[in-house]
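Please look through the sequence and the structure below before reading on. The briefing that follows starts with a single residue and then turns to the fold and the pocket.

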Amino acid sequence: MSESWTSLAVAVPAAVVGAAFMGLASAAQARATKQVPFKKTLHPKLLLDLARRPLWLVGIGATVAGLGLQLVALGFGPLILVQPLLVTALPFASAFAAWLSHRRPDGLIVLGTLICVAGLSGFLVLARPTDGAVELLSAGRVVLLATALGLVALAGLGWSTVVTGPTRVLGLALATGVFYGVTAGLMKLVAVDLRTGWLATFTDWPLYVVCVIGPIGFLLSQNTFQQGRMIAPALAVITTVDPLVGVLIGVWWMGESAATGATVLSGELIAAVAMVAGIAALAWRNNHPTAAERAEVGQDHVPPSLNPAFGWPAHR
């Protein structure tokens, strides 16, 4: 067995099992955020309130396990392979959320989830990603990439601020996905340093930037879960944007490569349309919850912009 196949034999299972842990973490955290008072976006007191909820602590444990496995996967596989595999966290999260609620998974959510996974799976088959030399390209590209991603994240946060109604949470999910994707790109560099030696890890800059970017993305994810009526639509956006940002960083900044050509690009476009269709189905379900889902969430767990009972003014 060649070295590349050996690496894939480690990277792929680690990524999928890591995704399962992240799905459990998302389901537990989403449920726990509905059990604490509402907090404004990026308000750190939300984490203090959540720290008193045992279910949220279970989610933290699952998050640590998932991140550890993601780090292993990134140490053996290219970023543009590992990140798309993590989209399998979406069906895991939907299944765990239904289990925690003692109900069957919603049919439309299952369909939308499978469409998202199929779209990204199609991308992987067509792209055939390969690892690069992990030699970072020009600083000019870094500035351009950072600016573009920063604008996308700000657009998501702006959407969540000015838009009323349940779709505002999708803006938070977009910003969360960007932060998660950037964190994953930096974790790839940390994984490379770890394979070089512990000293390289603590003397290089990526670890310390991860310690800043990662917590911001995590706090945004908790805001997203708290403000969303259901886990699947917001998580679909996060788990789609996250790998797309990771692929962009891998190709544009780290020199990783994927198959090209008119046929491949056409297929990738179809895969992208499938992902958008899956997200659209999940977003529609978010705006049209069933009677059982409305009863489960309850009036007290609707975001302030939708529920004046909190005493917060609605967004105008």
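Is V72 buried, partly exposed or exposed, judged by its relative accessible area? In this predicted model, V72 has a relative accessible area of 35%, and it therefore counts as partly exposed, because that class lies between the 20% under which a residue is buried and the 50% over which it is exposed.

**The surface around V72**
- V72 is part of helix α3, and together with V10 and F76 it forms a nonpolar patch on the surface.
- The accessible area of V10, V72 and F76 together comes to about 190 Å².

**The overall fold**
- The protein contains 13 helices and 0 strands, so that, as helices and strands are assigned here, every element in the run from the N terminus on is an α element.
- The protein has 316 residues, and 49% of them count as buried.

**The largest pocket**
- The volume of the largest pocket is about 780 Å³, and its lining is made up of 33 residues.
- Nearest the centre of this pocket lie M22, T63, L67, Q70 and T183.
- At least two lining residues each are supplied by α1 (3–33), α3 (54–76), α8 (168–196), α10 (206–227) and α11 (231–252), and the largest share, 9 residues, comes from α10.
- When the lining residues of the largest pocket are sorted by kind, 22 are nonpolar, 10 are polar and 1 is charged.
- Helix α3 thus appears in two of these topics, since it holds V72 and also supplies residues to the lining of the largest pocket.

Definitions and conventions. Residues are numbered from 1 along each chain as its sequence is written. This is a predicted model: local features need pLDDT of at least 70, side-chain atom pairs count only at pLDDT 80 or more; totals for chains, interfaces and linings use all residues. Side-chain values use heavy atoms; hydrogens and water are left out. On a 1 Å grid over the protein atoms alone, a cavity is a set of points where a 1.4 Å probe fits but cannot get out, and a pocket is an open set with protein on both sides within 12 Å along at least five of seven lines; lining residues have an atom within 4 Å of a point. Grid points are joined across faces, edges and corners, and a volume is the space filled by probe spheres set on the points. Helices (H or I, at least four residues) and strands (E, at least two) are DSSP runs, numbered from the N terminus. Ala, Val, Leu, Ile, Met, Phe, Trp, Tyr, Cys and Pro count as nonpolar, Asp, Glu, Lys and Arg as charged, and the others, Gly among them, as polar. Patches are made of residues with over 30% relative accessible area and no salt bridge: like charges are joined within 9 Å, nonpolar side chains (Val, Leu, Ile, Met, Phe, Trp, Tyr) within 5 Å. Accessible areas come from the Shrake-Rupley method with a 1.4 Å probe; for residues, only the protein chains shown count as cover. A salt bridge is a side-chain nitrogen of Lys or Arg within 4 Å of a carboxyl oxygen of Asp or Glu. Buried means under 20% relative accessible area, exposed over 50%, partly exposed in between (1.4 Å probe, protein chains only).
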